[in-house]
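Trainee: I am new to this structure and would love a close look at one part of it. Could you pick a spot and then walk me outward from there?

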Amino acid sequence: MEEPISNMKRKLFALLVLLALFAAAAAAGAETLPPEVPGETAGEPGSGEPAAAEGDETLPLATPTDLCAHEHTRTVRYFDSPMYTPLNAEYHIVSGTALEEVLCLDCGESLSAEKVSYVEEIHPHLNRKGRCVFCGREEEAPEIPAEAQEVVLLLAGAEDQPDRFVCTLTEMDLADAGDILVLRPEGRDAALVLQAEPFRKEIRSTGGTLTAEINSEQGLAVNASVRLYDADGRETEPDKRNISLRIYGEESKKPLAVTYNPPAGEGKPTEQQASWVPGSGEKEGYWQAAWQGSGEYRYGAEGRK
Ligand SMILES: [Zn+2]
Ligand SMILES: [Zn+2]
């Protein structure tokens, strides 16, 4: 954080005063009697030392917080047992009694703390699995416009691991992603599809990031993961409804069976029938499979029976 000049000058001045005091004390040296007994000092005959008078003032030693002018403060509220009331699709109201503490942002000192009987704050919902964990408001079902704007991001593999495709998305990336963001490893038939708006909202409310990873085995399987992290790096569960998989190719007479193999120890494999979405104009047709979680989705060999 940048410190204002005036504040720095004040600190510098205080430091100089301190140094001067130390210097004076050192100069006075052993000749000066303890300042606790000023009567004796003043009466010392023949010394002619006027410096001793300085010792009469007992100055407390300055601490770092004394040097701070507490110019930048922040009020933090700690609610006792708050009420959460839904306000609208994006926010809820937090209300109740709270401890209001004023903290100095420069030195960290607590400048005041007092109990307030009623206070309100407006916070964004924290949606997990379709509802806010605080106020319980059900998340509005993600709307997919009829003419959804789709942005395809072709992912390039890492130089040392050409089959591994990873991307980390920020709120800004998702703001530029239209309605639907298609993450497709370049030259592969599988793609990971994210609904941009719900993920953008989630990231905005937590200040975190989203990491998507795809390991594509062309024509056989795709190993995919979507991981959401909050600002502290803690992983949170993404809403499955906002993720899907696409397998580009040709329509067959039979629906395409996709087997989901969760990571070891996280449940049993499940099979689903992917539905065919025909292409139009320049757009390729694809099989669409529901997202069941991070793991392997096998659609080749046994999938195309
Ligand atoms: Zn301060
Ligand atoms: Zn809420």
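Mentor: Happy to! Let us begin at tyrosine 84, which sits in strand E2, residues 83-86; strands here are DSSP runs of E with at least two residues, helices are runs of H or I with at least four, and both are numbered from the N terminus. A word on the model: it is predicted, so local features need pLDDT of at least 70 and side-chain atom pairs count only at pLDDT 80 or more, while totals for chains, interfaces and linings use all residues. Residues are numbered from 1 along each chain as its sequence is written, and chains are lettered from A and ligands numbered from 1 in the order in which they are written.

Is tyrosine 84 buried or exposed? Tyrosine 84 counts as partly exposed because 19 other C-beta atoms lie within 10 Å; buried takes 20 or more within 10 Å, exposed means 12 or fewer, and partly exposed is in between, with C-beta atoms placed from the backbone. Leaving out residues up to four places away in sequence, tyrosine 84 touches His92, Val94, Phe134 and Cys135, where contact means that the C-beta atoms, placed from the backbone, lie within 7 Å. Glycine 96 is 12 residues from tyrosine 84 in sequence, and their C-alpha atoms are 9.2 Å apart.

Now compare alanine 274, in strand E16, residues 270-277. Alanine 274 is buried because it has 21 C-beta neighbours inside 10 Å. Beyond its neighbours within four places in sequence, alanine 274 is in contact with Ile247, Pro255, Leu256, Val258, Trp287, Gln288 and Ala289. Tyrosine 286 is 12 residues from alanine 274 along the chain, with 9.4 Å between their C-alpha atoms.

One of those partners, Ile247, leads us to the largest nonpolar core, which has 35 residues. Such a core is a set of buried Ala, Val, Leu, Ile, Met, Phe, Trp, Tyr and Cys residues joined through C-beta atoms within 7 Å. Ile247, Leu192, Ile214, Leu245 and Tyr297 touch the most other members, and E10 gives the most residues to this core, with 5. Tyrosine 297 has contacts, apart from neighbours within four places in sequence, with Ala221, Val222, Ala224, Leu245, Val258, Tyr260 and Ala289.

E10 (190-195) also helps to cover the buried residues of H5. In H5, residues 196-206, the buried ones are Ala196, Pro198, Phe199, Arg200, Glu202 and Ile203. Glycine 207 follows H5, with a positive phi near 70 degrees.

Note on methods: Two residues are in contact if their C-beta atoms, placed from the backbone, lie within 7 Å.
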